[in-house]
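The following note sets out points for consideration on the model shown below. Each point is kept short so that it can be checked against the coordinates.

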Amino acid sequence: MTTYSRASLARLAALADAVDVAEGMRAFTDATSDAWARPGELVDRARQLAELARAVLTHTVIHERLKGTSWEAIGWGLGDISKQAAQARYGDAERDFRRRALLAWLEPDVATRHLGSSVGEVPGTVEMLTEWWQAHRQPNEPDKADPVAAALAPLGAPEASAMAIEAAGLLNGDDRPADPHTRRVLEIGLARRKVELYERLAAELPDDVQTLEVLAGARARLAELTDSSRPPATQS
């Protein structure tokens, strides 16, 4: 399964949010339901719709930031506000998404816990968005084989390397997970991701002795962590 860049994951989240907005708008504009709506219900629907729209904007800002867009440019897109105001408004959301995406990268089997169902289940989300696009395509609009997946970039070696460094800092920093079992799971995940990264580099540079040595060390570290995490064998 393809591992996507963090920018692509944020873009995917924004697309899923946008579909929710579109479906919510369709339900909101069904005026036939007004007759039996209880007092305050229409306001509640509008509030939920506004929250969905804010989620689209937040994930789009995060997507742009993860692509490398400056806060100055983000501020312009937000209505020509200052870069300081833009960062104050969305900086925490960006940092939170970066961390959650990092944890999901280390623990791919439980990615939904960190990123939510809209991004944690990437293949299912891509399929859902593709089906939605096909169903709402205009008659004169050309068909596209992969209207969603084609816009998602895979996780490249440079970003994977940077994430490995970031993960190592997380596991050794003051805000590392307090639970020893969680730390061990993350350490194994990091070791596994390092092996994948160095295997990719070794395939590109098969004659590079240093890369092969680093790969061997990464494999040994993964084996060490995996062996130490197994429960001791019971005596029969």
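1. Helix 1 and helix 4 pack at an angle of about 110°, with their axes 10 Å apart. Angles from 65 to 115 degrees count as roughly perpendicular, and helix 1 and helix 4 are therefore roughly perpendicular to each other. On the helix 1 side the contact is made by R6, L9 and A10, and on the helix 4 side by F97, R98, A101 and L102. By residue type, this contact of helix 1 with helix 4 comprises five nonpolar, no polar and two charged residues. It should be kept in mind throughout that the model is predicted.

2. The packing of helix 1 against helix 7 deserves separate description. Here the angle is about 45° and the axes lie 11 Å apart, which makes helix 1 oblique to helix 7. The crossing of helix 1 past helix 7 is left-handed. Helix 1 contributes L9, L12, L15, A16, V19, A22 and E23 to the contact, while helix 7 contributes V122, T125, V126, M128, L129 and W132. The residues of this contact of helix 1 with helix 7 divide into 11 nonpolar, one polar and one charged.

3. Which residues have the most contacts inside the largest nonpolar core? They are L9, L12, F97 and L115, in a core of 20 residues. Two or more residues of this core come from each of helix 1 (6-28), helix 2 (41-67), helix 4 (83-106), helix 5 (111-115) and helix 7 (122-135). Helix 1 gives the most, with six residues.

4. L9 merits individual mention, since the residue recurs in the points above. Setting aside residues up to four places away in sequence, L9 touches Y4, F97, A101, L115, V119 and V122. Apart from the largest core lies another core, of 15 residues, among them L102, L103, A157 and L190.

5. R65 is placed in helix 2. Is this arginine buried or exposed? With a relative accessible area of 19%, R65 is buried, because the cut-off for that class is under 20%. Not counting residues up to four places away in sequence, R65 touches S70, W71, I74, E94 and R98. One of these partners, R98, also takes part in the contact between helix 1 and helix 4.

6. H114 lies in helix 5 and, at 12% relative accessibility, counts as buried. Its contacts, leaving aside neighbours within four places in sequence, are R100, L103, A104 and E107. H114 and A104 are 10 residues apart in sequence, and their C-alpha atoms are 5.9 Å apart in space. Among the contacts of H114, L103 is also a member of the core of 15 residues.

7. E107 is found in the loop between helix 4 and helix 5. At 11% relative accessibility, E107 counts as buried. Not counting residues up to four places away in sequence, E107 touches R113, H114, V185 and L186. The contact between E107 and H114 thus appears again from the side of the loop residue.

8. A reader who wishes to inspect the model may begin with L9. This residue belongs to the contact of helix 1 with helix 4, to the contact of helix 1 with helix 7, and to the residues with the most contacts inside the largest nonpolar core. The buried residues R65, H114 and E107 may then be examined in turn.

Terms used
Residues numbered from 1 in each chain as written. Predicted model: local features only at pLDDT ≥ 70, side-chain atom pairs only at ≥ 80, totals over all residues. Heavy atoms only, no water. Core = buried A, V, L, I, M, F, W, Y, C linked by side-chain atoms within 4.5 Å. Buried < 20%, exposed > 50% of the residue type's maximum accessible area, 1.4 Å probe, protein only. Helix = DSSP H or I, 4+ residues; strand = E, 2+ residues; numbered from the N terminus. Contact = heavy atoms within 4.5 Å. Axes fitted to C-alpha atoms, helices over the stretch in contact; angles between N-to-C directions. Parallel < 35°, antiparallel > 145°, perpendicular 65-115°, else oblique. Left-handed = near helix turned anticlockwise from the far one by under 90°. Nonpolar A, V, L, I, M, F, W, Y, C, P; charged D, E, K, R; others polar.
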